[in-house]
Amino acid sequence: MPFRLEAGVNRSIVPGETIAAISTAAGEAAIALIRISGEKAIAVADKVFRGKQRPSDLQSQTQHLGEIVENGAAIDQVMLAVHRAPNSYTGENLVEISCHGGTLVSAKVLDACLRAGARAARPGEFTERAFLNGKMDLTQAEAVIDLIRAKTDLALRSATEQLEGRLGRKIQSIRDALVDLVAHIEASIDFPEEDIAPDEGKKLSARLDSIRRDISELLATADQGRILREGVRVVIYGATNAGKSSLLNRLLGYDRVIVSETHGTTRDTIEEMINLRGVPIRLLDTAGLRPSACDLEREGIERTERSLQMSDLRLHIVDRNAPRPAHFEKQNANGNEILLLNKSDLAEHTDWKNSDALRISCVTGEGLPELENEILARVAGQNLRAESAVAINTRHRDCLRRALDACDRAHATIDNGLAPEYAAVDLNGALRAVGEVIGAVNVEQILDSVFGQFCIGK
């Protein structure tokens with residue numbers, strides 16, 4: 001069912017305001033798409049389109065050949081389609097103009113639309129209008145940007161299912177259960193003359209336990225959601241000249257980083273994304289760890305240490321041809337770390353005999369398939385595997401944590417035998433927090449954050 005904002009929301013669409021933007025990526029392409037949305041979208045199109053029929057006379061959802069003109073002069077030959085409200089992406093009258101994809105020509109078509117009465121759209125404003133007009137809930141709106149940014153098949157599937165409303169339906173189900181529970185408790189309090197018996201004791205706790213389980217199950221997908229959207233943070237670190245940048249290049253499949261025998265070549269953290277058998281991996285190549293008198297190199301080493309603190313997995317790479325560093329066991333004590341003995345194409349120093357480590361060669365590629373297997377095994381072992389297509393994002397997590405905390409307080413109130421009024425206060429707090437996920441409360445303060453991530457024209 002389409003979602004609509006509840007009463008009390010101040011954020012609104014200015015009546016009669018019509019927006020326009022280029023919806024395709026910047027640069028040259030075969031086709032560029034210009035969108036016009038709003039009450040006067042078709043009237044704007046009437047002013048700029050010249051064809052066999054005026055846009056206002058065209059049948060909806062059909063393509064028509066014509067020209068975009070300004071002051072009688074043709075700008076470009078285009079295809080135009082009219083989508084009348086409410087059967088459009090935004091829920092408003094929507095016109096889509098497909099012109100040739102040159103940077104200048106698409107800009108001129110847009111400029112003609114703006115001169116004809118539209119205003120330039122803000123980033124994400126088309127999807128924002130779809131949300132405000134009840135075409136989608138807030139989780140579906142967020143799925144649009146996830147769909148655009150998807151780096152793996154699983155991330156794409158997750159975004160697609162969220163866009164179809166799968167996550168929204170789960171949230172709505174939790175919200176409905178809370179509404180029923182709160183309504184029953186408050187009705188028994190407010191209308192005692194109606195003899196509405198409140199659920200008490202075990203029955204009330206059982207209903208609340210079911211809601212808490214559902215919220216907890218969604219919260220358990222937070223790490224999966226982060227991985228789907230951001231990738232597993234894998235930091236490559238070690239001493240200078242151990243082969244960190246060479247390993248990054250090998251895993252990427254191309255020379256991204258300059259490799260040199262000169263110590264301290266990498267001074268900054270370099271980040272790239274790879275798709276490792278469906279799991280998005282964020283690889284971070286870091287500055288080599290060593291004492292340094294150079295301010296620039298010391299700053300790079302400090303960034304390495306910060307990256308290690310934020311990592312999901314560390315790849316500690318060392319030169320197996322060199323002696324074992326002092327205090328090495330302490331460096332290798334972390335459970336989320338894989339020790340790599342690089343340069344297996346050269347002789348191994350006796351210090352590394354019987355070391356529990358993967359032996360690789362960034363020159364020949366030896367051991368790299370085994371490294372990929374180990375990375376995936378460690379990801380799975382830390383429960384970081386992005387195996388669920390339904391996964392919440394950071395905003396959802398914060399809302400659901402507040403909801404769960406409120407439910408826990410209500411549960412404690414019930415267990416302590418206090419009056420139901422006290423439980424109702426916390427349950428109303430949980431209801432508001434859950435509603436924020438799908439936008440079913442006054443969410444003025446979060447809309448800019450959500451839609452500000454979009455490109456203009458989406």
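## The six-stranded sheet

Let's begin with an open sheet of six strands, set in the order β9-β10-β8-β11-β12-β13 and with mixed pairing. Two strands pair here if DSSP finds at least two bridges between them. The edges of the sheet are β9 (270–276) and β13 (358–359); each has a single partner strand, so one side of each is left without a neighbour in the sheet. Helices (H or I, at least four residues) and strands (E, at least two) are DSSP runs, numbered from the N terminus.

A word on the model itself: this is a predicted model, in which local features need pLDDT of at least 70 and side-chain atom pairs count only at pLDDT 80 or more, while totals for chains, interfaces and linings use all residues. Residues are numbered from 1 along each chain as its sequence is written, and side-chain values use heavy atoms, with hydrogens and water left out.

## The two edges of the sheet

Strands of a sheet pair through backbone hydrogen bonds, either parallel or antiparallel. At one edge, β13 pairs with strand β12 (residues 337–342) in the parallel sense, over two bridges. Leu340 has Leu358 of β13 as its bridge partner.

At the other edge, β9 and β10 run antiparallel and are joined by seven bridges. Met273 has Arg282 of β10 as its bridge partner. These strands form a hairpin with two residues between them, where Arg277 takes a positive phi near 50°. In a regular strand the side chains alternate between the two faces of the sheet. In β9, Ile270, Glu272, Ile274 and Leu276 make up a covered face, while Glu271, Met273 and Asn275 make up an uncovered one. Helix α8 (residues 222–230) lies across β8 (232–237), β9 and β10 (279–285), and runs at about 70° to β10. Axes are lines fitted to C-alpha atoms, for helices over the stretch in contact, and angles run from 0 to 180 degrees between N-to-C directions.

## Two nonpolar cores

A nonpolar core is a set of buried Ala, Val, Leu, Ile, Met, Phe, Trp, Tyr and Cys residues joined through side-chain atoms within 4.5 Å. Buried means under 20% relative accessible area, exposed over 50%, and partly exposed in between (1.4 Å probe, protein chains only). The largest nonpolar core has 34 residues, of which Ile171, Leu178, Ile215, Leu218, Leu400 and Leu427 touch the most other members. Two or more residues of this core come from each of α6 (166–190), α7 (201–219), α13 (394–415) and α14 (420–438). The biggest share is from α14, which gives nine residues.

Which residues does Leu178 touch, not counting those up to four places away in sequence? They are Ile211, Cys407, Leu427, Ala430, Leu431 and Val434. A second, separate core has 27 residues, among them Ile270, Val279, Leu283 and Cys362.

## A closer look at Arg397

Arg397 is found in helix α13 and is partly exposed, with a relative accessible area of 24%. Leaving aside neighbours within four places in sequence, Arg397 is in contact (heavy atoms within 4.5 Å) with Leu219, Ala222 and Ile392. The C-alpha atoms of Arg397 and Gly225 are separated by 9.7 Å, although these residues are 172 residues apart along the chain.

The side chain of Arg397 also makes a polar contact with the side chain of Asp398 (3.3 Å). A polar contact is a pair of N or O atoms within 3.5 Å; within protein, one must be able to donate a hydrogen and the other to accept it, and residues adjacent in sequence count only if both atoms are side-chain atoms.

## Salt bridges

How many salt bridges does the structure hold? There are 27, a salt bridge being a side-chain nitrogen of Lys or Arg within 4 Å of a carboxyl oxygen of Asp or Glu. One of them joins the side chains of Glu17 and Arg119 (2.9 Å, N to O). This pair links distant parts of the chain, 102 residues apart: Glu17 is in the segment before β1 (19–22), and Arg119 is in strand β7 (residues 119–120). Glu17 is partly exposed at 26% relative accessible area, and Arg119 is partly exposed at 22%. Arg119 forms a salt bridge with Glu125 too, their closest N and O atoms being 2.5 Å apart. Glu125 counts as buried, at 3% relative accessibility.

Another salt bridge joins the side chains of Arg402 and Glu436 (2.8 Å, N to O). Here helix α13 holds Arg402 and helix α14 holds Glu436, 34 residues apart. Arg402 is partly exposed, with a relative accessible area of 40%, whereas Glu436 counts as buried at 14% relative accessibility. Finally, salt bridges that share partners join Glu17, Glu92, Arg119, Arg122, Glu125, Glu128 and Arg129 into one network.
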